[in-house]
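Thanks for coming, everyone. Let me put the structure up, and then we'll walk through a few spots in it.

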Amino acid sequence: MSEIQWKIRRFNELSLDELYAALQLRSEVFVVEQNCVYQDIDGKDEKAIHLLGEIDGLLVAYARLFRPNDYFEQASIGRVIVKLSHREFKMGHQLMQEAIKTINNQFGTRNITISAQLYLKKFYESHQFTQTSEMYLEDDIPHIEMQRS
């Protein structure tokens with residue numbers, strides 16, 4: 001398999017093909033795979049930096065990155081996603097490493113807050129995030145707030 005190629009785009013820098021691929025992947029996982037009807041297009045894409053991971057032109061990993069105070073008080077990472085067909089290759093870890101590095105470089109901070117699906121707690125802990133809230137429901141899915149300093 002080819003190596004993953006990372007792209008960092010502000011909303012107005014996304015090509016139509018990149019935007020379409022990101023929205024398609026988000027729908028594929030968060031709506032269809034997780035069987036969750038929710039409003040994915042939430043008005044926050046315009047503020048985010050979009051991290052796209054492609055292999056041979058196919059979007060296989062994606063996350064949205066936010067400056068401090070654009071989503072949480074601290075910088076944040078959201079819509080963390082790896083295409084089902086590529087999860088066996090542990091690309092989620094590569095995605096998180098790239099997201100953390102990009103936040104450090106773009107925003108000059110190491111403090112990051114996320115709203116994590118509860119079942120992924122150990123995954124995020126492996127990237128030095130710690131739980132900072134009780135469980136809450138977001139779109140009927142158990143979540144916790146986690147922070148990294």
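Before the first stop, a word on terms: when I say contact, I mean heavy atoms within 4.5 Å. Also, this is a predicted model, so local features need pLDDT of at least 70 and side-chain atom pairs count only at pLDDT 80 or more, while totals for chains, interfaces and linings use all residues. Residues are numbered from 1 along each chain as its sequence is written, and side-chain values use heavy atoms, with hydrogens and water left out.

Okay, first stop: phenylalanine 129. You'll find phenylalanine 129 in the loop between H3 and strand S6 (130-131). Helices (H or I, at least four residues) and strands (E, at least two) are DSSP runs, by the way, numbered from the N terminus. So, is phenylalanine 129 buried or exposed? Buried, with a relative accessible area of 1%. For that word the cut-offs are under 20% relative accessible area for buried, over 50% for exposed, and partly exposed in between, with a 1.4 Å probe and protein chains only.

And what is phenylalanine 129 in contact with, leaving aside neighbours within four places in sequence? The list runs Ile77, Met96, Ile100, Ile112, Ile114, Tyr124, Met146, Gln147 and Arg148. Take isoleucine 114 from that list: it sits 15 residues from phenylalanine 129 in sequence, and the C-alpha to C-alpha distance is 8.6 Å. In that same loop between H3 and S6 there's also glutamine 128, whose phi is near 70°, a positive value in a residue other than glycine.

Next, the charges. The rule for a salt bridge is a side-chain nitrogen of Lys or Arg within 4 Å of a carboxyl oxygen of Asp or Glu. How many salt bridges does that rule give? The count is 13.

Let me show you three. Aspartate 40 and arginine 26 meet through their side chains at 3.0 Å, N to O. Aspartate 40 is in the loop between helix H1 (16-33) and strand S2 (49-55) and arginine 26 is in helix H1, so this pair ties together parts that are 14 residues apart in sequence. Aspartate 40 counts as buried at 10% relative accessibility, and arginine 26 also counts as buried, at 1%.

Then there's arginine 64, which pairs with aspartate 42 at 2.9 Å, N to O. That salt bridge links distant parts of the chain, with arginine 64 in strand S3 (residues 58-66) and aspartate 42 in the loop between H1 and S2, 22 residues apart. Arginine 64 is buried at a relative accessible area of 1%, whereas aspartate 42 counts as partly exposed at 25%.

Arginine 64 has another salt bridge, with aspartate 45, where the closest N and O atoms are 3.1 Å apart. Aspartate 45 is in the loop between H1 and S2 and arginine 64 in strand S3, so here the parts tied together are 19 residues apart in sequence. Both aspartate 45 and arginine 64 are buried. Put it together, and salt bridges that share partners join Arg26, Asp40, Asp42, Asp45, Arg64 and Arg79 into one network.

Hang on to arginine 79 for a second. It lies in strand S4 and is buried, with a relative accessible area of 15%. Its phi is near 50°, a positive value in a residue other than glycine.

S4 also takes us to valine 80. Leaving aside its neighbours within four places in sequence, valine 80 is in contact with Phe30, Tyr62, Ala63, Leu95, Met96 and Tyr124. Its C-alpha is 8.0 Å from that of glycine 92, and the two are twelve residues apart in sequence.

Last stop, the pocket. On a 1 Å grid over the protein atoms alone, a cavity is a set of points where a 1.4 Å probe fits but cannot get out, while a pocket is an open set with protein on both sides within 12 Å along at least five of seven lines; lining residues have an atom within 4 Å of a point. The largest pocket has a volume of about 800 Å³, a volume being the space filled by probe spheres set on the points, with grid points joined across faces, edges and corners. Of the 37 residues that line the largest pocket, the closest to its centre are Phe30, Val80, Gln117, Leu120 and Tyr124. Which strand gives the most to the lining of the largest pocket? S4, with seven residues.
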